[in-house]
Amino acid sequence: MRELGHRLGDGPVIEPPTEPYGASEPVLRADLYRERYAALGAEVHPEAALFATRLARAVAESPEQDGARPGPAPAPVLLPTEPALVHDRCERVVRANAALAALAGAADTGALTGARMHRLLVGSGDDLQLVRADGSLVPVRVVRWPLPGVDLTAVVVLERDAELAVPVVDPAWATELERLARVGTWSFDLATSTLERSGTLDELYRAIGIDPDAGGRPIEGDQVTALCGELRAGNTTADHHVELALPGDRLLSCRAQVECGPDGTPQRLIGVVHDVSAERVARCRVERSGRRFADLMALVPGGVALLDPTGRVVDANGGMCALLDVPLEGLRGTAAAALSAEDEPDGGTGLPGWLRPVPTGARHGYRVDSAPLRRADGTTVWCELAVCATEADDGGWLWVVACTDVSDRRRAAEVLRSAGTVDELTRLPNRAAGLELVDRLLAGAGRDRVAVVCGDLDDFARVNSSLGHDAGDDLLVALAARLQRELPFGCTAARLGADEFVVICADHAEVGGPDLLARTVAELLRTTITVHGRPVQMTATVGLATPVPTGEVRAADLLRFAEAAMHDAKRRQARGGIGIATDGVVSSATKALELEAELRAAIASDGLVLDYQPVVGPDGTVLSAEALVRWPHPERGLIPPSDFLPVAQRSGLLRELDLWVLRSATREAAAWPEHGGRRCSVAVNLAGLLPGDAGFRAAVSEAVSEAGLEWDRLVLELVETSLVALPPHALAAMAELTERGVRFAVDDFGTGYSSLARLKELPAQTVKVDRAFVTGIADDPADFAVARAVVDMARAMGRTTVAEGVETAEQFHVLRGIGVDAYQGWLFSRPVRSPGVREVLSRGRLATPASAARPAAV
């Protein structure tokens with residue numbers, strides 16, 4: 001303490017008392033309430049606020065869920081007994097205690113997490129109320145306690161009752177609160193001219209490195225002088241505020257006022273000193289960030305606008321104003337619907353179709369390739385829009401819309417579309433131009449002599465994959481030039497797309513007939529071309545189509561017939577084939593297309609069914625059952641797999657078909673009963689879903705988990721040819737599934753071209769002997785030798801064996817004699833539906849042949 005004369009310097013210096021709270025009880029109580037008000041505001045309990053502060057600090061220092069900071073977790077912090085919560089800078093609740101949940105009528109503390117403060121607390125001051133879960137209101141008072149250095153605020157919510165007395169304030173709590181808030185207080189007794197500082201003010205001065213009494217004059221002297229001058233002028237309600245800027249970006253907020261006694265006589269001058277350095281730094285950062293953002297928006301060539309949730313423009317940059325030719329003052333408040341140049345249905349929202357709500361954050365944004373906006377003069381400017389939502393200053397959200405003028409690009413695209421009759425790469429007529437030419441020829445008198453030859457390059461993908469796409473483009477250009485130079489007069493070449501060409505002949509009689517025309521086109525596309533210094537030999541499969549003698553045919557039909565003939569030739573011949581569009585070929589192609597569409601629909605609508613063929617042990621015990629897909633067509637009856645599986649393969653439906661079988665088989669097998677003390681496994685043959693696929697492991701795991709099937713009850717059968725040269729990630733996927741219990745079987749072993757070394761590397765537990773060797777095993781020495789070699793090899797590698805297609809007792813006994821572990825075939829059971837499997841399992845073991853004459857050793 002330091003004594004100050006009324007003129008600051010007169011009078012003796014009096015030493016302070018040793019006890020910091022040695023004043024009288026009324027003065028002490030007034031000081032405590034004043035200190036509490038300085039730190040937290042009026043009418044609050046400092047103990048609850050201190051607990052809330054510690055709670056906020058614990059939340060701020062707790063490890064993050066994602067990317068937690070290293071180091072030990074902080075010690076647990078007890079929550080205050082009073083209702084309390086912590087909210088972030090957007091005023092969303094991040095944590096609440098049980099007392100607040102009870103006061104708010106919430107089911108638990110988690111029910112309050114994420115709530116907005118303005119929905120939880122309504123009103124202000126003495127009218128502040130807490131909104132309970134049932135909608136009722138509770139009068140409350142709150143303590144808000146920002147945690148320095150983080151964007152979290154602790155809040156203590158105290159239920160307000162006018163009949164309750166104000167709680168007694170513990171001086172220790174008030175001091176602790178001042179220290180945490182970096183607040184200190186002082187008082188100047190007008191009767192004794194004595195200046196007294198709180199202990200927290202002395203700590204504050206020491207922490208920022210200043211001597212408050214440097215030069216023999218207290219730092220508070222100016223404020224005391226100013227207030228004393230006001231008192232001499234008769235102003236007893238005067239107050240004084242000043243901000244002291246100190247070196248090192250330090251800033252002190254100093255506020256002082258006159259305190260009068262009950263009779264209105266001035267008694268003391270009181271002051272509060274608050275270290276607002278952190279707030280000053282944060283404010284400067286925000287200001288600099290705002291200036292940087294404004295500078296950035298001014299430099300962005302495109303238009304950027306902020307729109308509120310109702311779709312009205314809040315702000316925009318100069319680029320947006322220039323784009324729409326509207327000043328910023330005229331743009332603010334404009335509705336998005338008024339900016340759109342098209343009358344679009346808004347579904348009752350009043351917003352244009354290009355503006356839709358999305359979660360906040362640029363990662364949730366979306367783009368609109370082209371949207372028409374209206375300029376001030378009524379003209380339309382087409383813009384590419386990038387839209388996302390961002391947080392607003394008040395905790396709400398705004399749309400950010402970035403606009404790029406694409407009018408020139410759109411006009412260029414329209415020009416290209418209107419004149420889009422030339423292939424950009426080869427400069428040949430494109431598909432549209434070719435169809436137009438054929439339609440004109442078919443409309444003429446010589447329609448019967450029109451011919452169309454469609455040619456597709458054989459294995460063209462190898463050029464792109466080995467030499468690159470630039471080399472592939474060069475080859476296509478060279479072939480196009482060859483066709484233009486050497487085709488007979490009256491023939492026009494066009495490019496349909498990719499590696500497919502078409503030759504249109506106005507009169508095939510002029511070139512020796514349609515057959516000769518087809519051979520000529522095939523010869524022209526069969527050539528060796530040097531690309532990037534490497535000779536590349538090319539062939540093409542072609543298909544020929546001519547108009548039918550009777551009936552109406554259009555260009556699209558004739559081209560479709562030629563393509564059907566070409567694809568038929570590709571199926572029948574390896575390379576360089578020629579196909580002719582006969583009625584049978586066209587009908588077959590049409591039926592295949594129809595079948596493909598129907599198969600796709602059957603997979604999507606669960607229009608397929610599964611049969612199961614049991615796999616039994618030597619004693620007839622059912623070990624597993626192989627799922628066999630069947631298609632009961634509503635009009636064509638039961639379509640055999642030999643008819644629809646090739647269609648699935650050609651149309652790329654094998655993966656979807658495999659996924660359907662896998663999900664259906666695991667789901668049905670999960671309901672099968674126990675058999676002989678064990679659960680029967682289910683085997684699924686995969687041809688389109690293979691270990692090398694990126695989603696193989698995930699697809700199998702999802703099917704097993706959704707079905708609730710035990711992992712060790714699933715057997716995945718893969719044909720031998722699909723297991724050749726598997727990449728490391730495929731082997732890793734198989735190994736991981738094997739560790740979970742899934743078993744793999746090599747199907748049709750011996751019919752492909754895998755090596756023993758490859759089989760040794762595979763994580764497969766079972767080898768299936770193909771029916772081709774089982775059929776003649778009882779009387780064909782070659783089949784017997786191959787089957788025995790497969791069994792011996794599998795046994796040496798620790799694999800089990802299953803023989804397929806066992807139909808006779810002789811086959812069974814021979815196979816059993818050479819050591820086959822399990823058997824599958826009509827000898828034991830025909831394929832049955834899932835209920836039939838349950839019936840088989842309930843009967844016990846299946847019958848096996850008692851004995852048979854063994855053939856002589858071969």
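Start by selecting residues 514-525, which make up helix α16 (helices are DSSP runs of H or I with at least four residues, strands are runs of E with at least two, and both are numbered from the N terminus). The expected span of a helix is 1.5 Å times one less than its number of residues, so the 12 residues here should cover 16 Å; the end C-alpha atoms sit 17 Å apart, which agrees.

Stay on α16 and colour Leu517, Ala518, Val521, Ala522, Leu524 and Leu525: these are buried (buried is under 20% relative accessible area, exposed is over 50%, partly exposed is in between, with a 1.4 Å probe and protein chains only). Now look down the axis of α16: its buried residues fall within an arc of 165°, so they line one face of the helix. That arc is taken from the directions from the helix axis to the C-beta atoms.

A quick word on what you have loaded: it's a predicted model, where local features need pLDDT of at least 70 and side-chain atom pairs count only at pLDDT 80 or more, while totals for chains, interfaces and linings use all residues. Residues are numbered from 1 along each chain as its sequence is written, and side-chain values use heavy atoms, leaving out hydrogens and water.

Next up, salt bridges (a side-chain nitrogen of Lys or Arg within 4 Å of a carboxyl oxygen of Asp or Glu). The count by this rule is 38.

Select glutamate 220 and arginine 197, whose salt bridge has an N to O distance of 2.9 Å. The two belong to distant parts of the chain, 23 residues apart: glutamate 220 is in the loop between α6 (199-208) and α7 (221-232), and arginine 197 is in strand β9 (residues 194-197). Buried or exposed, glutamate 220? Its relative accessibility is 2%, so glutamate 220 counts as buried. Arginine 197 is buried too, at 16%.

Jump to aspartate 275 and arginine 250, another salt bridge, with the closest N and O atoms 3.0 Å apart. This pair also links distant parts of the chain, with aspartate 275 in strand β12 (residues 266-275) and arginine 250 in strand β11 (residues 250-260), 25 residues apart. Aspartate 275 is buried at 5%, whereas arginine 250 is partly exposed at 26%.

While you're here, pull up Glu626, Glu717, Lys768 and Glu804: salt bridges that share partners join them into one network.

Last stop: aspartate 134 and arginine 132, a salt bridge with its closest N and O atoms 3.9 Å apart. Aspartate 134 is exposed at 59% relative accessibility, and arginine 132 is partly exposed at 25%.
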